[in-house]
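Work through the exercises below with the sequence and the model open. Try each task before reading its solution.

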Amino acid sequence: MAIALRRALISSRSLSLLLRTSSLHSPHHSHFLSSPDLLNSSASHTAPNFPAINFIGDSRRGFAKGRKSKGDDDTNTVEIVDIGPSVKATAVSLMEAAVDSLSRELSKLRTGRASAGMLDHIIVETGGVKMPLSRLAVVSVIDSKTLSVTPYDPNALKELERAIVSSPLGLNPKVDGQRLIAPIPPLTKEHMQALCKVVTKSSEDVKQSIRRARQKALDAVKKAGASFPKDAAKRLEKEVDELTKKFIKSTEDMCKAKEKEIAAG
């Protein structure tokens, strides 16, 4: 660039010297320069103002190709968002709700005594629609060994009876007018096994709910993408896995305790 500048300056000086020499040797030019009209005209008119040219500065800017301006990087900046607390809070809330639901379900199972909630998990199919028994009938306790099932619609009595008989509780209800009477048999070995099957099914359902909560948390981390640092994402995934193991263990312990209670009669 220095060589180019030096050559440009030399060329400019040579051109100026050539014009000055030419004006001195040409009579026409001499007469033209000495003309009073030209002098008067020059005096009466102000020299035009040409914009100043910063040749060196412009040349430097011209050579500065590919250089990024200060604001170029701002458009590519990715905002970092800490989604960890909200993702964990949501996962914990869902897992706790699943375990609480299991606790309510297990409390409905009998351990030698009749309970109004022990039939709530039974699904009844009526009119081609499957619904929980609790939405179709009122279950009440007659005594410690007998349940009464009164349907809202008497026409659903047969479907209710069929659903109770096919449940793993080992009950054999009898029609009594517009209601069913369900004696609670002693807890034989077969009955205990039937109740334990209910406990196992409830346990598996809750575990699936806990795993769905885990997957939902991992999907949220994946969706965050570049806005959430990779190291933080790995730590969060590990914490969610630990929460999953904790709640699954709580579920298994709860079910083992209930099976032990059933076995004691």
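Helices (H or I, at least four residues) and strands (E, at least two) are DSSP runs, numbered from the N terminus. The model is predicted: local features need pLDDT of at least 70, side-chain atom pairs count only at pLDDT 80 or more, and totals for chains, interfaces and linings use all residues. Residues are numbered from 1 along each chain as its sequence is written, and side-chain values use heavy atoms, with hydrogens and water left out.

**Exercise 1. How many helices and strands does the protein have, and in what order do the elements run?**

Step 1. Count the elements: there are eight helices and six strands.
Step 2. Read from the N terminus: α-α-α-α-α-β-β-β-β-α-β-β-α-α.

**Exercise 2. Find what share of the protein is buried, then classify two cysteines.**

Step 1. Set the cut-offs: buried means under 20% relative accessible area, exposed over 50%, partly exposed in between (1.4 Å probe, protein chains only).
Step 2. Of the 265 residues in the protein, 29% are buried.
Step 3. Cys255 has a relative accessible area of 4%, so Cys255 is buried.
Step 4. Cys196 has 21%, so Cys196 is partly exposed.
Step 5. Search for disulfides, pairs of cysteine sulfur atoms within 2.5 Å. The whole structure has zero.

**Exercise 3. Describe how helices H7 and H8 pack.**

Step 1. Fit the axes: they are lines fitted to C-alpha atoms, for helices over the stretch in contact, and angles run from 0 to 180 degrees between N-to-C directions.
Step 2. The axes of H7 (residues 189-224) and H8 (residues 230-263) come within 10 Å and cross at roughly 170 degrees.
Step 3. H7 is therefore roughly antiparallel to H8. The classes are: under 35 degrees roughly parallel, over 145 roughly antiparallel, 65 to 115 roughly perpendicular, the rest oblique.
Step 4. Sort the residues of the contact of H7 with H8: 17 are nonpolar, four polar and eight charged. Here Ala, Val, Leu, Ile, Met, Phe, Trp, Tyr, Cys and Pro count as nonpolar, Asp, Glu, Lys and Arg as charged, and the others, Gly among them, as polar.

**Exercise 4. Characterise the largest pocket and the largest cavity.**

Step 1. Define the spaces. On a 1 Å grid over the protein atoms alone, a cavity is a set of points where a 1.4 Å probe fits but cannot get out; a pocket is an open set with protein on both sides within 12 Å along at least five of seven lines; lining residues have an atom within 4 Å of a point. Grid points are joined across faces, edges and corners, and a volume is the space filled by probe spheres set on the points.
Step 2. The largest pocket has a volume of about 380 Å³.
Step 3. It is lined by 20 residues, and the closest to its centre are Glu105, His121, Lys201, Ser202 and Asp205.
Step 4. Helix H5 (84-107), helix H6 (157-166) and H7 each give two or more residues to this lining. H7 gives the most, with seven.
Step 5. By class, the pocket lining has eight nonpolar, six polar and six charged residues.
Step 6. The largest cavity holds about 30 Å³. Its lining is Glu105, Lys108, Leu109, His121, Val198 and Ser202.

**Exercise 5. Place Thr90 and Leu171, and give each a C-alpha distance.**

Step 1. Thr90 sits in helix H5. Its relative accessible area is 38%, so Thr90 is partly exposed.
Step 2. Thr90 and Arg214 are 124 residues apart in sequence and 9.7 Å apart, C-alpha to C-alpha.
Step 3. Leu171 lies in the loop between H6 and strand S5 (174-176). Its relative accessibility is 4%, so Leu171 counts as buried.
Step 4. Leu171 and Ile184 are 13 residues apart along the chain, and 6.6 Å separates their C-alpha atoms.
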